[in-house]
Amino acid sequence: MASFTLHGIPVSRGIAIGRAHLLTRAALDVKHYLIPEEQVEAEVQRLQKAIATVHKELQTIWNELPKDSPAELGAFIDVHALILSDPMIAEVPLDIIRTRYYNAEWALVTQIDELSSQFDEIEDAYLRERKADIQQVGERVLKVLTGTAATQLAGSSTDEATGRMIIVAHDISPADMLQFKDRAFGGFVTDLGGQNSHTAIVARSLDIPAAVGMFNASALIQQDDWVIIDGDAGVVIVDPTATLLEQYRERQTRLIRDRKKLSKLRKTPSITEDGTEIALLANIELPEDCAAAMESGAAGVGLFRSEFLFMGRTGVSHKLPSEDEQFESYRKAVLAMKGRPVTIRTLDIGADKPLDDAEQTALNPALGLRAIRFCLAEPQMFLAQLRAILRASAFGPVRLLVPMMAHSFEIDQTLAMIEQAKTQLREAGQKFDPLIPVGAMIEIPAAALTLPMFVKKMDFLSIGTNDLIQYTLAIDRADHEVAHLYNPLHPAVLYLLSSTISIGTKAGVPVAVCGEMAGDVRLTRLLLGMGLREFSMHPRQLLAVKQEILNSDLNVLAPQVKKILKSYDPVAIAEAVEQLRGE
Ligand code: PEP
Ligand code: MG
């Protein structure tokens, strides 16, 4: 096949080279892991047993068909039984287990997908329809297999072969993306998604190259195609020529070398040329990410997105993590950070982070019952989280951060609930930090425009630029069709950012930025010039930002940025921001 190139949105930097692994919806629902060689035969038998069980099931259904049921019904069951006996289903997946070491579910889904795509090519409409039968048979076997989930092996992952696999999907939810966390996939390509969709953020936190918003990549790329992801440019090259492959391999090596150089800055204090100290903190999704935060030399955690502990648990409230379970996670993060502050954000569920994959019913979920709105509507759940966070504060410095606040009553109700949680803990004899700092995320324009309302009652502020841009420009951050309009340098965004920083600072309330802008080296000097002194970002970006800070002089930057903030000309703004780096 001829080589071709696809253009999308760069979301996670670096270069990945490997073979494509296409994910379908069904494939995402099952576990993917490699099995050790010695367990291959056991895995083969597990699949054989599941197929045999489905055979029996079909036989039972056939036997129990009412006498007067239409003849087609029996015929359908016969077709399913035939499909099940066909070597394409009964044998090929077993070979996949034996040769590629896929677990049974993965092997089955891989083969069903392969057969389904062959059916798509068939001219005859009737035969094409049989694809649904194959998928139904596959689903049946999968159900039996997942019913035996308890006997499944834990994912083993560091095999080199998986490290080179590139996941290609129409879309991946943040929860699904996290499913790959412990598996060393080489990169991600999706049809949907924008620069700052939560899926993109998780891709960055997985520290692997990714490109999203590729429109129809999942239809154009075939299983096992060779793929290069240029994560810096948002370009995906399919079936590259040998020369191109060589060039990219060289670039990959260079990038790894540059990163090694940066790692020397780990212990260097983050101070500008004029001697101003800048705090660099890490964003994390799970307590395990603290290792990367410490590794990057972060001064603490500036944003712990606690919702990832709640997601992907399929639905109903009794499946939410209990207070104790949350407490354990928060404490784990606090202990891992060894005395550095950990900023735990209360649940920010909703919009592109639904609690489960159940269909969203809200017309505009990003404008719906999200974050603090959801928490105030579920006081028992919120109180349990507040107690868990407070209890963790007995083990090291913890700051409590509340997302999406816009109204005065939301501030008051939240503070009242924190007091209530403290009273409950006192009554139960539980320890906590009574002076735990409480902060608000500034991510709704209304909040930025009424900052005095916040500075009066909050100990600190953290600007969530991802949402601030989304809500200021009315651009859905997860929608690739409007991704080109998502502009952090829009004068309205710059105005809200700089006024929040200056009003907060003047009032003596520390202001941080924890949105993706904080980790973008192209914007570091702009933010410094606005007066920002605390940045929180994914650990991977921290050292590059530090390098930028070490070479910056605030006395030079401040007047230049002041000038930029007076401009309404987007082209001039973009150029001037670029020039800040040229100094
Ligand atoms: C933000 O909105 O900028 C932010 C940091 O929060 P999240 O990306 O989790 O919405
Ligand atoms: Mg946000």
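Contact here means heavy atoms within 4.5 Å.

**Ground rules.** I'm looking at a predicted model, where local features need pLDDT of at least 70, side-chain atom pairs count only at pLDDT 80 or more, and totals for chains, interfaces and linings use all residues. Residues are numbered from 1 along each chain as its sequence is written, chains are lettered from A and ligands numbered from 1 in the order in which they are written, and side-chain values use heavy atoms, with hydrogens and water left out.

**Confidence.** I checked pLDDT, the predictor's confidence in each residue, from 0 to 100. The protein chain has a mean of 88, with 89% of its residues at 70 or more. Over residues 148–163 it stays under 50.

**Magnesium.** Which residues are the protein donors of the magnesium ion (ligand 2)? I found Glu 443 (OE) and Asp 467 (OD), 2.0 to 2.1 Å from the ion. Donors are N, O and S atoms within 2.8 Å of the metal (3.2 Å for Na, K and Ca); water is not among the atoms, so sites may look incomplete.

**Buried or exposed?** I looked up both donors, taking buried as under 20% relative accessible area (1.4 Å probe, protein chains only). Glu 443 is buried at 2%, and Asp 467 is buried at 3%.

**Neighbours.** Leaving aside neighbours within four places in sequence, I see Asp 467 in contact with Arg 370, Glu 443 and Arg 477. On the same basis, Glu 443 has contacts including Pro 403, Met 404 and Tyr 471.

**Record check.** UniProt (unreviewed entry) puts "binding site" at Glu 443 and Asp 467; such annotations may be inferred rather than shown by experiment.

Key
Buried < 20%, exposed > 50% of the residue type's maximum accessible area, 1.4 Å probe, protein only.
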